[in-house]
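Got the viewer open? Let's take a short walk, one selection at a time.

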Amino acid sequence: MTVETPSDPRVETLDRVVIRFAGDSGDGMQLVGDRFTELSAAFGNDLATLPNYPAEIRAPAGTIAGVSSFQVHISDHDIVTPGDGPNVLIAMNPAALQANLSDLAPGSTLIVNGDSFAQRDLDKAGLTQNPLEDHSLDAYNLYVVPMTSITVEATKDLGVRPRDAERSKNFFALGLLCWMYTRPVAPLIEWIESRFKDKEQVLAANLAAFKAGRNFGETAELFDHPYEVRPATLRPGNYRNIIGNLATAYGLIAASQKANLPLVYASYPITPASDILHELSKHKNFGVKTLQAEDEIAAAAMAIGASFTGALGITGTSGPGVDLKSEAMGLAVSLELPLVLVDVQRGGPSTGLPTKTEQADLMLAMYGRHGECPLPIVAAKTPSHCFDAAFEACRLAIKYRTPVMLLTDGYLANGAEPWLLPDLDALPDISVAFATEPNAGTEFLPYLRDPETLARPWAIPGTAGLQHRIGGIEKEGIGLDGEGGSGNISYSPENHDRMVRLRAEKVARIAHDIPGVEVDHEDGAQVLVLGWGSTWGSIQAGVRRIRARGLPVASAHLVHLNPFPADLGDVLRRYPKVLVPEMNLGQLSRLVRAEYLVDAVSFTKVQGVPFRAAEMEAKILEMMA
Amino acid sequence: MTTEPIALTRKDFESDQEVRWCPGCGDYGILAAIQFVLPELAVKPEEMVFVSGIGCAARLPYYMNTYGVHSIHGRAPALATGVAMTRPDLHVWVIGGDGDMLSIGGDHLSHALRRNVNLKIVMLNNQIYGLTKGQYSPTSEVGKVTKSTPFGSVDFPFNPLSVALGAEASFVARTHDMDRKHMMETFRRMHAHRGAAFVEIFQNCNVFNDGAFGGLLKKDVRADMLIELRHGERIRFGTDGQLGVAVNEFGEPHVVAVADVGDEGLLVHDERRADPTLAFALSRLSTGPHMPTPIGVFRDVDRPVYDAEVQRQLVAASERSGPGDLAKILASGPTWSVD
Ligand code: SF4
């Protein structure tokens, strides 16, 4: 069966639109949001998404706590954020309406499922009056659509029980939105057919509901006309839609291939990092070994064991897991073995907000271990950039024989955007040679360093004559003067002092192996907006708004947080004012103030959602005043 | 790996490091037994990895001329799991004490055993914390007076073999530091086992818990206090072989006089029983060094080995889908091109 895209002459063209699907967490809002996103991606729009769901597996149905939403921003031009607030809100029940209405500007479109506003639905949402009747929604273009009953009606001849039929109402909503925004529907129908091919009735019901939604839009005369958002003119090339966790997984695989090292990923289930484990577990034909450990500590230890034996050992988690792995990270610093720890940051402290985003683990990455325990830090800035950041983290870990922290976050992990597929052949070779020969006469000294990178030799078990023992106790290491290097236990005060400085120097030297700060400068700019991680999109959006006002402003974004690019101090001192927006209480701003003695101004938000473009614009304007 | 015969000696397994346990410590004898037995096992030093946590026993890898990692307190079985799963060709031994493996690392020990990772786990049990200078351990008896329990410990101890058997260990044995021959034989058996092997060694800490096992191991009492388990043989012990182990009507083993039940009334030890119940019961025959205590191999059964299974899935995936092609994966699902 096919459903043709209507060629309606009344179609109105928009340059962009922000749509938010909101309902109960059992209503399948993430599913239809994802589908709308995939359709729009394949259609060629630029896009950004913001999924938002409760931490509870199943909060009481119909309550505010159980509301799940998915926001997608589609456009015909390059965009950088999922949008401040929606232009269109689909609310499947009163709780979803109540939880999301404050983000909807007056004059925006509001589509509600009229069948779910009975007294008990209102009670569950804690409403005393029916908002559909009390004129409280008069400021919006309100459409009340009996989604449940039309869905039940549309599926009744399929032999589906009404209770089951109701569950297809999300596809009705999707169908309606697909009509409203003239999405090509063939790929969606194919998707439904393959996804539910083993559940004949569900397949039939979802398809019927989807078509009913489209037909409703077309025939109900409720909506005046459909809209379209044309494909965006992006850089030429092949694109796909990608979420951050997937990009991270692919980046790790790419690194393993370009390093010619088997990938061993040990992890413990944790939101929002588990999808990296899920994805890597699928790719065993790449030689990828995954291990679901008994706990976070074990996962880190297993990855270290893998690296010791000549693999690329990786462990991934979120903040609470990083806390637990800190002892193992210290061991890896002492052993000087490659290791990447992926921290998909979420709201803290403690369990905090498991499903919400935050970037408050920077100080943890920087200093969260006992002793002087430095390690490089790389942070991803967009969902697709997780691929590059993961690759870079592996490159540094392998080359410098050091643990590296890769920071992503909940927003990047689950957020989607179109991705210009990388040319894998163009990725650099990041392989290193294992030690095969004694390096000091007939002896092998495991802590004799490469004079340039300060990396120690990587001799893997199985190599005859290079047997050695390493451990967490301070070892006799070679100094910059060329003394020592045996790796034997040493409690000598001078040796310890030397080793502490050497480990710091090894990380510091990476500054010469990374690109300088890329400044997006404009003549006359007095303010530099400095960011890191997922605030990239919000900062870009804010900066664009300032420039649209004809005002000059500069921006720069850090991918390497330790060490900083070698020229960062010079860049910062070039601007009278530096603004550092972060989803924490000012961690990067403190680091740059301490490092460069610049009066960086911190701008913070810790609400579990990214900054809005408008907030960013207002703050930059305030700085310029 | 090559198969040509290798004539190695004890020296080939000794590192150049000065051994630094307290004089008289039981660890010396254990290290010697390991270094004596390895040349027999036709294993090259470079194919061996010794992994340890923290504690007196955990220093052992430094004295071996093999690959070694002296890691973090308790985490050795986990780190070693990473070694073994990456490189099934290696021989991985894990060395630790009772605090390391049963207190801070109890979690990792039990999961390594459950998974049946190909690890040879040797736990030196001295029933005390030595390195931190004398606190009671998870195997110390109730009432133990130590620096941290001046009025006696009120903690009930673990029975290490019961823990291992409860964690589904496929090989479980016990030996002691006073009998090099028995240790070497136990290590031979441990080495021959594919999968996770757990060996408890009664080890004397002559500084903080001297003579903890004296009730079993003093030369004059051994014959009557140690019950040597031998596969397929009736369990019989005592100076004149006058004692044995029989099973009562509840299936519980207990010590009997052979005169009372006759030779045919004794339990025949079967380390290959699939069901661990009897091995578990034997591990609990004695509640301390004041009672006759079994040593030897309690259990030795075959179970799928973790690292081999991981490898098998990898091979199967490659046969099914060919070698991985990342470009193909990236382009799977909907893609579009912009000109
Ligand atoms: S403290 Fe005890 S166990 Fe440790 S080395 Fe000394 S005697 Fe041996």
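What follows is a tour of one domain-domain interface.

A word on the ground rules: this is a predicted model, where local features need pLDDT of at least 70 and side-chain atom pairs count only at pLDDT 80 or more, while totals for chains, interfaces and linings use all residues. Residues are numbered from 1 along each chain as its sequence is written, chains are lettered from A and ligands numbered from 1 in the order in which they are written, and side-chain values use heavy atoms, with hydrogens and water left out.

Start by colouring chain A by domain: domain 1 (12-229), domain 2 (240-426), domain 3 (433-495 + 505-511) and domain 4 (519-624), with bounds from an automatic or database domain assignment.

Now keep domains 2 and 3 of chain A, whose C-alpha centres lie 26 Å apart. Each of these two domains puts 21 residues into the contact (heavy atoms within 4.5 Å). About 1700 Å² is buried between them, 66% of it on carbon and sulfur atoms; that is accessible area (1.4 Å probe) lost on putting the two parts together, summed over both.

Next, show F308(A), E336(A) and Y400(A) as sticks: on the domain 2 side they lose the most area to domain 3, together 36% of what that side buries.

Stay on E336(A) and add K506(A): they form a salt bridge, with the closest N and O atoms 2.9 Å apart. The interface has 2 salt bridges (side-chain nitrogen of Lys or Arg within 4 Å of a carboxyl oxygen of Asp or Glu).
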